[in-house]
2 protein chains.
Amino acid sequence: MNAAGTSRSAKPGGRTLANDAYERVRAAILTGRFRPGDRLRFADLQALCGMSVTPVREALARLTAEGFAVLDDHRGYSVASLSLSELRDITANRKRCEGEALRLSIARGDAEWEARIVASHHLLSRLPQGREDMPSVISAGWDARHAAYHQALISACGSPILLDICARLFAHADRYRRISVSLAGAQRDAAAEHRLILERALARDADAAVEALQAHYQNTADAIEAFLETAG
Amino acid sequence: MNAAGTSRSAKPGGRTLANDAYERVRAAILTGRFRPGDRLRFADLQALCGMSVTPVREALARLTAEGFAVLDDHRGYSVASLSLSELRDITANRKRCEGEALRLSIARGDAEWEARIVASHHLLSRLPQGREDMPSVISAGWDARHAAYHQALISACGSPILLDICARLFAHADRYRRISVSLAGAQRDAAAEHRLILERALARDADAAVEALQAHYQNTADAIEAFLETAG
DNA sequence: ACCTGACATATTTTCGAAAATCATTGACAG
DNA sequence: CTGTCAATGATTTTCGAAAATATGTCAGGT
């Protein structure tokens with residue numbers, strides 16, 4: 001019996017096998033290891049996760065409700081595919097929703113919120129975004145810190161529902177970004193943009209901060225668009 | 001073999017038992033027949049839907065991802081409970097998201113969009129919102145037409161993601177409304193507000209139409225709040 | 001060559017029971 | 001009287017196989 005969690009080897013991720021399957025498949029989709037359009041056969045996923053069909057089925061049901069997988073009745077699940085129009089739709093909604101959430105956070109955030117965004121930005125700035133050698137290991141840590149920084153920025157908005165909407169939009173947008181990075185190799189350097197957003201948020205200049213955040217998302221989307229048009 | 005659908009008696013709703021269970025349980029939650037906080041035992045739902053545990057489990061996984069049920073690992077599912085703070089959060093986000101969607105629809109909508117909102121409003125106006133006698137049958141039709149009208153209003157916004165967000169917010173808000181109506185008995189008359197929104201949308205006066213829509217949602221929320229504070 | 005239909009295969013969907021986990025009860029010690 | 005702990009019952013979670021459905025193949029006719 002170790003201190004944290006149980007001693008069972010079969011449930012690394014969550015408290016149930018279904019949770020474990022959910023986290024594994026979700027991570028594989030978001031990182032691009034399961035590619036857009038790929039079929040998600042139960043036999044494969046059972047072998048991969050080392051469990052029966054029931055928990056896998058539950059995991060795919062959740063992922064489908066979140067838009068990461070699609071189900072064709074009696075024909076099986078597959079990874080949700082990418083499209084230029086969806087990327088643009090995600091980006092537009094992200095700019096609107098996260099922009100509003102940032103504005104609220106700047107209006108309502110206290111000193112602890114300031115501490116959260118300073119700390120999470122520091123962690124992010126201390127990590128290279130990615131390199132040609134060992135891209136996977138480094139980028140795994142960077143991806144997590146990048147998501148944590150953006151979450152911290154809007155964490156004082158006071159609306160759990162808005163936070164949930166933003167989290168979902170971020171996850172979908174990040175899938176586009178990670179897949180285009182992993183396939184294109186190159187990626188742009190967003191460190192300056194992240195710093196600019198932080199400075200303006202700390203200065204409580206909502207209009208300027210929101211403008212910087214929206215420009216950041218638009219720049220990211222433009223880079224992905226360029227990739228999708230050539231390789232997609 | 002009849003023309004539409006299969007001849008199987010076991011699948012009235014969707015093409016699979018899991019779809020059927022999903023629709024049944026969802027409807028029961030949204031109408032308030034399954035009350036907030038109620039436990040959702042598999043034995044009960046299996047008996048109700050006439051199927052085994054697997055499809056029921058899949059249905060509850062989907063409903064949980066949509067926020068209509070909550071899961072406590074190894075302790076079971078239950079109907080999501082209501083709270084004053086959540087009602088206010090839903091209302092604020094609804095005003096923001098649907099307001100923006102209506103503004104986009106007014107800017108982009110063509111003649112077919114106009115026809116949709118005129119037609120759906122006509123259907124809605126031809127039905128009494130509810131009466132003391134026979135409330136359930138009448139209100140079932142009214143609820144559907146009410147949802148259809150609000151969906152039509154924003155149907156030309158051009159953003160599938162925004163439409164999805166609005167649909168989810170509407171469903172959650174409508175659960176609050178239906179439960180408060182069914183428990184309080186009385187309900188306010190929103191016909192004039194619906195007509196005002198339609199007129200301003202047809203006149204392409206976006207600011208005025210959005211203002212009327214947001215006032216409509218705020219008035220509805222205020223009535224529910226009054227009920228929640230007394231009876232909740 | 002091309003379409004049709006029956007057969008065989010692959011895959012999903014569902015079931016019924018076993019295993020695992022949680023909640024409750026009641027005995028017993030402090 | 002109070003708190004701990006084991007035994008019991010209720011419920012969730014998972015499994016392995018059966019049933020249902022879709023997909024692919026191939027012979028036969030036009």
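Two strands count as paired if DSSP finds at least two bridges between them. Keep that in mind for the first stop on this tour of a predicted model.

**Stop 1: a hairpin in chain B**

Select residues 69–72 and 76–79 of chain B. These are strands β2 and β3, and they pair in the antiparallel sense over 4 bridges. If you click on B:V70, look across to β3(B) for its bridge partner, B:S78. The two strands form a hairpin with 3 residues between them. In the turn, pick out B:H74, which has a positive phi of about 65°.

**Stop 2: from the turn to the DNA**

Stay on B:H74 and show DNA strand D. One of the backbone N or O atoms of B:H74 lies 2.7 Å from a phosphate oxygen of that strand. Now add B:R15, where a polar side-chain atom is 2.7 Å from a phosphate oxygen of DNA strand D. For B:R41, the separation between a side-chain N or O atom and a phosphate oxygen of DNA strand D is 3.2 Å.

Next, widen the selection to the 21 residues around DNA strand D; those that come nearest are A:L17, A:R75, B:R15, B:R57 and B:H74. Colour this surface by class and you should find 7 nonpolar, 6 polar and 8 charged residues. Elements that each supply at least two of its residues are α1 (17–31) and α3 (53–65) of chain A, along with β1 (39–40) and α3 (53–65) of chain B. On the DNA side, 82% of the strand D atoms within 4 Å of the protein belong to sugar or phosphate, and the rest to bases.

**Stop 3: A:R75 and its partner**

A:R75, one of the residues that come nearest to DNA strand D, also forms a salt bridge with A:D72, with 3.7 Å between the closest N and O atoms. Is A:R75 buried or exposed? A:R75 counts as exposed because its relative accessibility is 61%, over the 50% cut-off. A:D72 is partly exposed, at 39%.

**Stop 4: helix α7 in both chains**

Select residues 160–184 of chain A to show helix α7, where A:D164 and A:R168 sit 4 residues apart, about one turn of the helix. Their side chains meet in a salt bridge at 3.3 Å, N to O. Both ends are partly exposed: A:D164 at 39% and A:R168 at 24%.

Now move to helix α7 of chain B, where B:D174 and B:R177 are 3 residues apart. Their salt bridge brings the closest N and O atoms to 2.9 Å, and both residues are buried.

Finally, return to chain A and select A:D143, A:D174, A:R177 and A:R178, which are linked in a network of salt bridges. Over all chains, a search of the whole structure finds 32 salt bridges.

Technical notes. Residues numbered from 1 in each chain as written. Chains lettered and ligands numbered in written order. Predicted model: local features only at pLDDT ≥ 70, side-chain atom pairs only at ≥ 80, totals over all residues. Heavy atoms only, no water. Salt bridge = Lys/Arg side-chain N within 4 Å of Asp/Glu carboxyl O. Buried < 20%, exposed > 50% of the residue type's maximum accessible area, 1.4 Å probe, protein only. Near = heavy atom within 4 Å. Polar contact = N/O pair within 3.5 Å; in protein donor to acceptor, adjacent residues only side chain to side chain. Nonpolar A, V, L, I, M, F, W, Y, C, P; charged D, E, K, R; others polar.
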